[in-house]
Amino acid sequence: GDEDQIPSLMSKYLLQLALCDEWYRVFIKEKRVGLGICVAGVYYLAMINLLVTSAMINGPATVLMVPSLVAIIVSGWMNVVIYWNREQRRRGRTRNTNPTFLI
């Protein structure tokens, strides 16, 4: 029954909560964008796992967690875009020594 799945649900919740805290530390505090992408990916998978387990217990309550999933997708995409822009800028500096190209 549902009582058998509650410990599993709680452990999955704690895992995604720990990954959320880790993503905040890595991306916001340390500004390590590349590592932030990896953490966001694992965080996304942990959230999907939590949502699947939650849906087995109470489907309507799971819908309330969907905005969190959307936030993970947006923040993960933000990491990717920032990383991509930094890489493009770094490559542009090594190819073009003229400072007008950096503006």
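Helices here are DSSP runs of H or I with at least four residues, numbered from the N terminus. The exercises below concern a predicted model.

**Exercise 1.** Determine in which helix T53 is found, whether T53 is buried or exposed, and which residues T53 contacts beyond its neighbours within four places in sequence.

*Solution.* Step one: T53 belongs to helix α2, which spans residues 33-57. Step two: the relative accessible area of T53 is 3%. Buried means under 20%, so T53 is classed as buried. Step three: with neighbours within four places in sequence set aside, the contacts of T53 are Q5, S8, L9 and K12.

**Exercise 2.** Establish how many aromatic pairs the model holds, and describe the geometry and setting of W23 and F27.

*Solution.* Step one: the count is one aromatic pair. W23 and F27 form a stacked pair, with 5.1 Å from centre to centre and 25° between the planes. The angle satisfies the stacked criterion, namely planes under 30 degrees apart. Step two: W23 and F27 are separated by about one helical turn because they lie four residues apart in helix α1. Step three: both W23 and F27 are buried.

**Exercise 3.** Identify the residues that form a nonpolar patch on the surface, and classify M10 by its relative accessibility.

*Solution.* Step one: the patch consists of I6, M10, Y13, L14 and L17, which together have about 440 Å² of accessible area. Step two: M10 lies in helix α1, residues 2-29. Step three: the relative accessibility of M10 is 44%. Partly exposed denotes values between the buried limit of 20% and the exposed limit of 50%; M10 therefore counts as partly exposed.

Terms used
Residues numbered from 1 in each chain as written. Predicted model: local features only at pLDDT ≥ 70, side-chain atom pairs only at ≥ 80, totals over all residues. Heavy atoms only, no water. Patch = residues over 30% accessible without salt bridge, like charges linked within 9 Å, V, L, I, M, F, W, Y side chains within 5 Å. Areas by Shrake-Rupley, 256 points an atom, 1.4 Å probe, with all protein chains shown as cover. Salt bridge = Lys/Arg side-chain N within 4 Å of Asp/Glu carboxyl O. Helix = DSSP H or I, 4+ residues; strand = E, 2+ residues; numbered from the N terminus. Buried < 20%, exposed > 50% of the residue type's maximum accessible area, 1.4 Å probe, protein only. Contact = heavy atoms within 4.5 Å. Phe/Tyr/Trp six-rings, centres within 6.5 Å; stacked < 30°, edge-to-face > 60°.
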